[in-house]
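The following paragraphs lead the reader through one protein model, from single positions to aromatic contacts and a charged patch. Please keep the sequence and the structure in view while reading.

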Amino acid sequence: MRKILLLICAALMMIGCGNQVQTVPPLPGTLPKALTAQKVDTDIYFDATVSMRGFTTLAAGNVYLTLPDLLGDLCGSLGEVKFYSFGEQIHALDGRTYRQFTTPAVYTEPITAVANVVDRADVNHLSIIVTDLFESDSDWSNVAQKIREKFFANHMSVAVVGIRNSFNGEIFDVGLEAAKFNYNSWDNPDRYRPFYLLVMGQDDVVKNFLRKFNERQTLPNDTGYLLLSESLTETTSDFATFTLQEQENFYSDDTLGLDSRVKEFGLDSFVEPAAFLLNWQYEPPLGACPLDLSQVNTSVEVFSVAGEEWTPLNSNDVRVSLLKDDRQPEMFLVKVSLTPEKSLAEGKLNFVRVKVMPTEQGYKLPAWVEAWSVTVDGSARNFDGSKTVNLTRVLGSLKDSIFAAARPSLLNINFVVTP
């Protein structure tokens, strides 16, 4: 009798072991990072070239005169702040000497080298460059390339904040003849000249800065925001925020204890079509590029476990449909469908990674960029001091850089299918 009881206990133990949570190797690729309120140090670089001097000379409509204190206070709430001045070289500033940027006398540098600041920037910090987006020798393509390699290729973000400000001073190197102009905006907002904040760092930190900066804006100066981010939504667009509506041949499971951004499904049948439907709310962050959501591309990767590693599968028939809810413009229905025997490895753990992305044609600069941009001919006869020379080309090169390096995404649909 005792032997029989021991055999029954052993059998029960074996059955119990069969139902234990399966160990899952680390998922391939990188999951999008959720927004946090983490502390971060900030490095602020002020362009000290002569072309910036005119922003300090008029009192009316002058946001620039309050900028050093505003940035010091705002970024000081996030962590430690350090200030620098730059022309061709970069100079660290001690104490509160950064307040000298409100006086015209400090703007003496003859050469602007934003590229050197990008080289110097610490990717673990938030970096802010205050400039008119002029680069000596018109070598902005070099700046865009450096930003692409240092930030976009490492899943980081860049934002541009443009502020139209009163200006009375000299503007240099306009047109092929590198003409110099004296320009006075007087107190006419239509004649104000833009300066810019180039903000670089981790995605959640950059987005957080934009929100806080926008909240601190108290003067009615025209302000434009551009955010170039791998994530095109305010909050993460993954299973941590999706609402699952319907399932066909799929059933929800949670025995693997996965990250909340990854959904676990089981299958009722390996040969029958399978699909699920979810609700998604599109929430563009401040400064997001306008998107044509009727034109999107889908990237699908499928992996199965072989031993302790994920092995990519060569083919699949995973399909994604994005359907707009006419009653709620910001709401979408997203349907993911597949045939298991055509897409998954039978009897194995499978991981499906789906990215929904805008097309290059559907990923555009905000309208303010073109409105603030001027293209001049060789003689600079059509120069307008209230606008920035070739702004559309300059910011377009950054937009193209992130599209090529990181391919911004709208939705990240990551799910595991258990055998």
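A residue is called buried under 20% relative accessible area, exposed over 50%, and partly exposed in between, with a 1.4 Å probe and protein chains only. Threonine 97, at 38% relative accessibility, therefore counts as partly exposed. The model is predicted: local features need pLDDT of at least 70, side-chain atom pairs count only at pLDDT 80 or more, and totals for chains, interfaces and linings use all residues. Residues are numbered from 1 along each chain as its sequence is written, and side-chain values use heavy atoms, with hydrogens and water left out.

Threonine 97 sits in the loop between strand S3 (90-92) and helix H3 (114-120); helices (H or I, at least four residues) and strands (E, at least two) are DSSP runs, numbered from the N terminus. Between threonine 97 and tyrosine 84, 13 residues apart in sequence, the C-alpha to C-alpha distance is 9.8 Å. A second threonine, threonine 223, belongs to strand S9 (residues 223-228). Threonine 223 is partly exposed because its relative accessibility is 27%. Its C-alpha atom is separated by 5.5 Å from that of glycine 162, although the two are 61 residues apart along the chain.

The aromatic residues come next. Rings of Phe, Tyr and Trp (its six-membered ring) pair if their centres lie within 6.5 Å; planes under 30 degrees apart count as stacked, over 60 as edge-to-face and the rest as tilted. The structure holds 29 such aromatic pairs. In one of them, phenylalanine 55 and phenylalanine 195 meet edge-to-face, 5.6 Å centre to centre and with 70° between the planes. This pair links distant parts of the chain, 140 residues apart: phenylalanine 55 is in the loop between strand S1 (42-47) and helix H2 (67-76), and phenylalanine 195 is in strand S8 (residues 193-201). Both residues are buried.

Phenylalanine 276 and phenylalanine 415 also form an edge-to-face pair, because their ring centres are 5.2 Å apart and their planes stand at 90°. Since phenylalanine 276 lies in strand S13 and phenylalanine 415 in strand S21 (residues 411-417), the pair ties together parts 139 residues apart in sequence. Phenylalanine 276 and phenylalanine 415 are both buried.

Finally, Glu248, Glu272, Glu341 and Glu346 form a negative surface patch. Patches are made of residues with over 30% relative accessible area and no salt bridge (a side-chain nitrogen of Lys or Arg within 4 Å of a carboxyl oxygen of Asp or Glu), with like charges joined within 9 Å. Glutamate 272 is partly exposed, at a relative accessible area of 44%.

Definitions and conventions:
Patch = residues over 30% accessible without salt bridge, like charges linked within 9 Å, V, L, I, M, F, W, Y side chains within 5 Å. Areas by Shrake-Rupley, 256 points an atom, 1.4 Å probe, with all protein chains shown as cover. Lys, Arg positive; Asp, Glu negative; His and termini not counted. Charge placed at Lys NZ, Arg CZ, Asp CG, Glu CD.
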